[in-house]
Amino acid sequence: MKFSENWLRSHVPTSASRDDLAATLTAIGLEVEDVTALGDGLAGVVVARIVEAVKHPEADRLQVCKVDIGQGEPLQIVCGAPNARAGLVAPLATVGSNIGGIAIKAAKLRGVESNGMLCSAKELGLDADASGLLELPDDAPVGAPLVEYLGLPDASIEIKLTPNRADCFSVRGIAYDVAAALSSEVVALDVAEVPAASARALEVRLQAGADAPRFVGRVIEGVDPAAKTPVWMAERLRRAGVRPVSLLVDITQYVMLELGQPMHAYDLDKLDGAIGVRHSRAGESLPLLNGQEAKLDDGAFLVICDGQGGDRAIGLAGIMGGETTKVGDATRNVFLEAAHFAPAAIMGRSRRLGLHTDASHRFERGVDPQLPRVAVEYATRLAMQLAGGTPGPVTEAVLPEHLPQPATILLRRARIARVLGVAIDDAEVERILRALGMEVAATGEGWQVTAPSRRFDIAIEEDLIEELARIHGYDRI
């Protein structure tokens with residue numbers, strides 16, 4: 001799991017340094033594999049707009065650009081990037097700045113003066129992409145320091161997760177562990193319901209029993225197809241290792257990374273009638289978003305379907321959406337979907353098809369069954385803020401008897417001392433468990449504890465004692 005340090009800190013306030021934060025994550029079992037600092041040493045790099053670009057008189061691959069940095073006369077910059085063009089907004093390292101150990105000076109390139117350097121993401125240490133200049137949105141404020149505009153400095157942190165910690169495949173899931181370890185609290189998430197402004201909805205049908213016990217969807221009509229992913233969202237995605245694609249797709253990716261719930265966006269106008277979930281049929285095939293044609297076995301896969309009787313398969317549930325109903329540049333009406341699928345129904349299916357997706361990685365390990373409605377509301381609000389539109393009512397189909405229910409476990413203080421060999425104060429036990437999102441009620445011999453629905457790994461008393469051990473500190477035992 002890779003994520004932005006600043007994104008994590010927005011969920012769990014802490015004064016801990018970057019090094020201390022990384023050490024804390026490793027100490028509590030979320031092993032940090034890599035920390036990539038972003039945006040250090042970028043003083044003197046500003047947002048700039050190329051107002052003119054002409055061919056260099058002495059070099060075929062160079063252009064002479066006039067560049068506006070909001071300070072009077074444009075600067076003359078010689079640039080060899082293939083995407084340098086009039087109107088492009090890109091970072092400019094001004095004379096006197098130092099980029100990657102290179103001091104930027106006024107110079108002559110093939111006899112033409114150049115007063116600064118237009119930069120790629122790789123040259124700035126922000127990304128591995130060196131194919132051209134880092135293209136910024138057209139409305140980026142010319143002359144503004146790049147670090148302020150992009151929310152820098154920051155760091156991309158990558159952690160190695162054990163299979164039982166599916167809840168930490170999200171920024172918010174990690175935040176609960178950090179809050180417990182650093183005596184902080186997770187910031188409340190604003191997931192207020194977005195009221196319906198139209199009656200447009202799709203019927204949802206569940207035909208796969210316990211394999212797909214919850215499906216939540218919502219129609220949003222009239223979104224702006226030209227709306228762009230805002231820079232704050234695009235940067236958080238990039239720093240989590242996800243390349244921005246388009247606004248609606250990026251919103252579903254953003255919600256998955258922040259909350260842990262995989263989502264999918266369908267072009268509503270490409271759907272036919274009701275939508276639902278069923279098992280695959282013998283000889284069925286499905287064109288996927290990656291261009292692959294998936295050949296399905298009878299009953300081996302879960303598919304999202306539409307049409308009369310659910311005849312048409314339009315997506316591999318919990319793995320990847322289909323090509324025929326994907327959102328595109330002209331999409332104005334969208335159907336947002338979030339569902340809960342049983343881990344056993346998804347496990348191993350993507351590998352059968354030679355696939356590995358972020359969604360399957362999460363569903364195979366277990367996703368919070370209470371998240372789908374929250375995710376749809378959250379994605380709705382983001383979509384409306386950024387692209388407008390008219391939302392219909394949230395449609396939910398659920399088989400409550402098949403939803404996993406967290407157990408209530410008796411945790412005995414005597415058992416804690418016996419297993420760990422040390423006594424932990426009652427107040428500290430309660431603080432740790434509550435910080436991790438658990439419900440705690442004191443009893444004569446200890447506590448009745450109910451784990452949050454996202455914690456599939458908490459089932460017995462020893463699981464709770466393990467939580468106490470890692471947060472209290474193995475070095476203190």
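**View 1. Helix H13 lies across strands S25 and S27.** In this predicted model, helix H13 takes up residues 461–472 and runs at about 60 degrees to S25. Another helix does something along those lines: H11, residues 413–420, also lies across S25 and S27, and its angle to S25 is about 70 degrees.

**View 2. Here is the three-stranded sheet underlying that arrangement, in the order S25-S27-S26.** The sheet is open, and its pairing is antiparallel. Where are the edges? They are strand S25 (408–412) and strand S26 (439–442), each of which pairs on one side only. Going from one strand to the next, the twist averages 25 degrees. Zoom in on S26 and you'll find it paired with strand S27 (residues 446–450) in the antiparallel sense, over four bridges. One pair to look for is Ala-442 with its bridge partner in S27, Trp-447. As background, strands of a sheet pair through backbone hydrogen bonds, either parallel or antiparallel.

**View 3. Helices H11 and H13 pack against each other with their axes 10 Å apart.** Two packed helices are described by the angle between their axes and the distance between the axes. For H11 and H13 the angle is about 65 degrees, and the two are therefore roughly perpendicular to each other. Their crossing is right-handed. Which residues make the contact? From H11 come Arg-415, Ile-416, Val-419 and Leu-420, while H13 brings Glu-461, Glu-462, Ile-465, Leu-468 and Ala-469. Sort the residues in this contact by class and you get six nonpolar, three charged and no polar ones.

**View 4. Helices H5 and H6 cross at roughly 55 degrees.** H5 covers residues 231–239 and H6 covers residues 247–259, and their axes come within 10 Å. That angle makes H5 oblique to H6. Left-handed or right-handed? The crossing of H5 and H6 is left-handed. On the H5 side, the contact is made by Trp-232, Met-233, Arg-236 and Leu-237. On the H6 side, look for Asp-250, Ile-251, Gln-253, Tyr-254 and Leu-257. By class, this contact of H5 with H6 has six nonpolar residues, two charged and one polar.

**View 5. Strand S3 pairs with S4 and also with S6.** S3 spans residues 45–56, and S6 spans residues 89–93. Between S3 and S6 there are five bridges, in the antiparallel sense. To pick out one of the pairs, find Arg-49, whose bridge partner in S6 is Val-89. S3 and strand S4 (residues 59–68) are antiparallel too, this time over seven bridges. How many residues sit between S3 and S4? Just two, and the strands form a hairpin. Within this pairing, Ala-53 stands opposite Cys-65 in S4.

**View 6. Stepping back, the protein chain has 13 helices and 27 strands.** Its C-alpha atoms fill a box of roughly 80 × 60 × 40 Å, taken along the principal axes. What about the radius of gyration? For 477 residues, a compact globule would have a value near 23 Å; the protein chain has 26 Å, which agrees.

Notes: Residues are numbered from 1 along each chain as its sequence is written. This is a predicted model: local features need pLDDT of at least 70, side-chain atom pairs count only at pLDDT 80 or more; totals for chains, interfaces and linings use all residues. Side-chain values use heavy atoms; hydrogens and water are left out. Axes are lines fitted to C-alpha atoms, for helices over the stretch in contact, and angles run from 0 to 180 degrees between N-to-C directions. Angles under 35 degrees count as roughly parallel, over 145 as roughly antiparallel, 65 to 115 as roughly perpendicular and the rest as oblique. A crossing is left-handed if the near helix is turned anticlockwise from the far one by less than a right angle, and right-handed if clockwise. Contact means heavy atoms within 4.5 Å. Ala, Val, Leu, Ile, Met, Phe, Trp, Tyr, Cys and Pro count as nonpolar, Asp, Glu, Lys and Arg as charged, and the others, Gly among them, as polar. Two strands pair if DSSP finds at least two bridges between them. The radius of gyration is taken over C-alpha atoms; the globule rule is 2.2 Å times the number of residues to the power 0.38.
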